[in-house]
Amino acid sequence: MMIKMYDSEKNHESLPQSWDELINEYGDLKKPAKKKKNFKKRDSSNHLTDPGQRWKWMVEPKYKQMFNEIEQKIQGAIGIGKFEWVDRRVFDQVFDRITLLGVYKLMHSGDIGQINWPIARGKEAHVFHGLSDSGVIAVKIFHTSNAVFKNLIKYIEGDPRFGGLKRKHRDLVTVWVRKEHRNLLRMKKCGLNVPEPLGIHQNILVMSYIGDEKKPAPRLRDVKINNAEEVFDKLKNFIRTCWHEAKLVHADFSDYNILWHNNEPVVIDVGQAVSDKHPNAKEFLVRDIQRLIDWGKKQGLNMELAEVLYDVLN
Ligand SMILES: Nc1ncnc2c1ncn2[C@@H]1O[C@H](COP(=O)(O)OP(=O)(O)OP(=O)(O)O)[C@@H](O)[C@H]1O
Ligand SMILES: [Mg+2]
């Protein structure tokens, strides 16, 4: 049983108390946190309610040492200390063994200094506010444990940059993150307004943070725009430069994936962006432009698809 295992651990004292608590609390997914006082009575015969199975690896000496090193720096994600308000289930959803090892690695390389609070929970990833020597960062951690990525294969297959892909889920996640990283690099190189990619390891992408000290920049769909026509042109030029210079199509261009920062649109979420050689590239391009036109319509602009498409292509 878990509690026994800890008590008999020689180095029990050296294991940070909060990890103990964390393991006990998170080992039981079905039990609400406030009932944690009763955890000793739990039936550990069921592996799902036995933290010993789920978190056993955490007490292995090599991992224990690792946690000692990084624990203070990921308090926000754990939801303790000054970040107590954070839903601690976040930790369980995101930080599996491989992810924690990745965070550890990125902390050693200096790409991540600390991880603070979760900014957003997406379908495929959680995004955290963090700090590093280069300033405030956004750490996008992709989920490794669900089937979401099956839907994403269509963006990777057919892109000549990602040939010979094995279909194992974790490999797919890694390729996906590399793809987002490379797309950001390429777009940034062409002067496009996207977050700057800063670091990458398996399912973790570090990029510059878009927002201020208080909160991340709002999505374009959540702000009222006074100069809609000007913003429309900027976004049209984004698609245009992306196509002609970066040779990419965003492929999920919408007011959900555009942040409004310092009175400028910043395009995010470029993981699904495909090369212009992708067999569906033109179809995605037209769809992106249609989404831009739909946004324009909400702002009172009446743009013709054919006309905007012509502007983009010529
Ligand atoms: N660099 C960044 N700086 C600040 N906030 C960010 C940054 N990147 C992402 N976010 C926030 O995280 C949210 C989710 O990011 P993103 O769209 O890249 O992930 P996703 O998993 O594809 O999410 P979704 O499924 O909602 O599209 C964004 O809507 C935005 O609020
Ligand atoms: Mg998104």
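This text walks through the protein's overall make-up, its sheet, and the surroundings of its ligand.

The model is predicted. Start with the whole chain. The protein has 314 residues, and 49% of them count as buried. Its secondary structure consists of 12 helices and 9 strands. Contacts reach far along the sequence. Take those with a separation of 6 or more: residues 24 or more positions apart account for 62% of them. The outer surface comes to about 16200 Å². Carbon and sulfur atoms supply 49% of that area.

Now turn to the sheet. Five of the strands form an open sheet in the order β1-β2-β3-β5-β4. The pairing is antiparallel. Which strands stand at the edges? They are β1, residues 114–121, and β4, residues 197–201. Each has a single partner strand, so one side of each is left without a neighbour in the sheet. The sheet is also twisted in the sense that neighbouring strands are turned by 25° against each other on average, direction ignored.

Look at the β4 end in detail. The partner here is β5, residues 204–208, and the two strands pair in the antiparallel sense over 4 bridges. Within this part of the sheet, G199 stands opposite V206 in β5.

A helix joins the picture. Helix α7 covers residues 97–108 and lies across β1, β3, β4 and β5. The strand β3 spans 135–142. Relative to β5, the helix runs at about 40°.

Next comes ligand 1. How many residues are around it? There are 19, and K123, K140, S208, I210 and D269 come nearest. The sheet contributes to this shell. β1, β2, β3 and β5 each supply at least two of its residues. In sequence, β2 covers 125–132.

Three polar approaches can be traced atom by atom. From K140, a polar side-chain atom lies 2.7 Å from an oxygen atom of the ligand. I210 uses its backbone instead: an N or O atom there lies 2.9 Å from a nitrogen atom of ligand 1. N257 again offers a polar side-chain atom, placed 3.3 Å from an oxygen atom of ligand 1. How much of the ligand's area does the protein bury? Taken alone, ligand 1 exposes 600 Å², and the protein buries 88% of that.

Put the two parts together. Strand β5 pairs with β4, has helix α7 lying across it, and supplies at least two residues of the shell around ligand 1. Strand β1 stands at an edge of the sheet and also supplies at least two residues of that shell.

Notes: Residues numbered from 1 in each chain as written. Chains lettered and ligands numbered in written order. Predicted model: local features only at pLDDT ≥ 70, side-chain atom pairs only at ≥ 80, totals over all residues. Heavy atoms only, no water. Buried < 20%, exposed > 50% of the residue type's maximum accessible area, 1.4 Å probe, protein only. Contact = heavy atoms within 4.5 Å. Areas by Shrake-Rupley, 256 points an atom, 1.4 Å probe, with all protein chains shown as cover. Pairing = 2+ DSSP bridges. Axes fitted to C-alpha atoms, helices over the stretch in contact; angles between N-to-C directions. Near = heavy atom within 4 Å. Polar contact = N/O pair within 3.5 Å; in protein donor to acceptor, adjacent residues only side chain to side chain.
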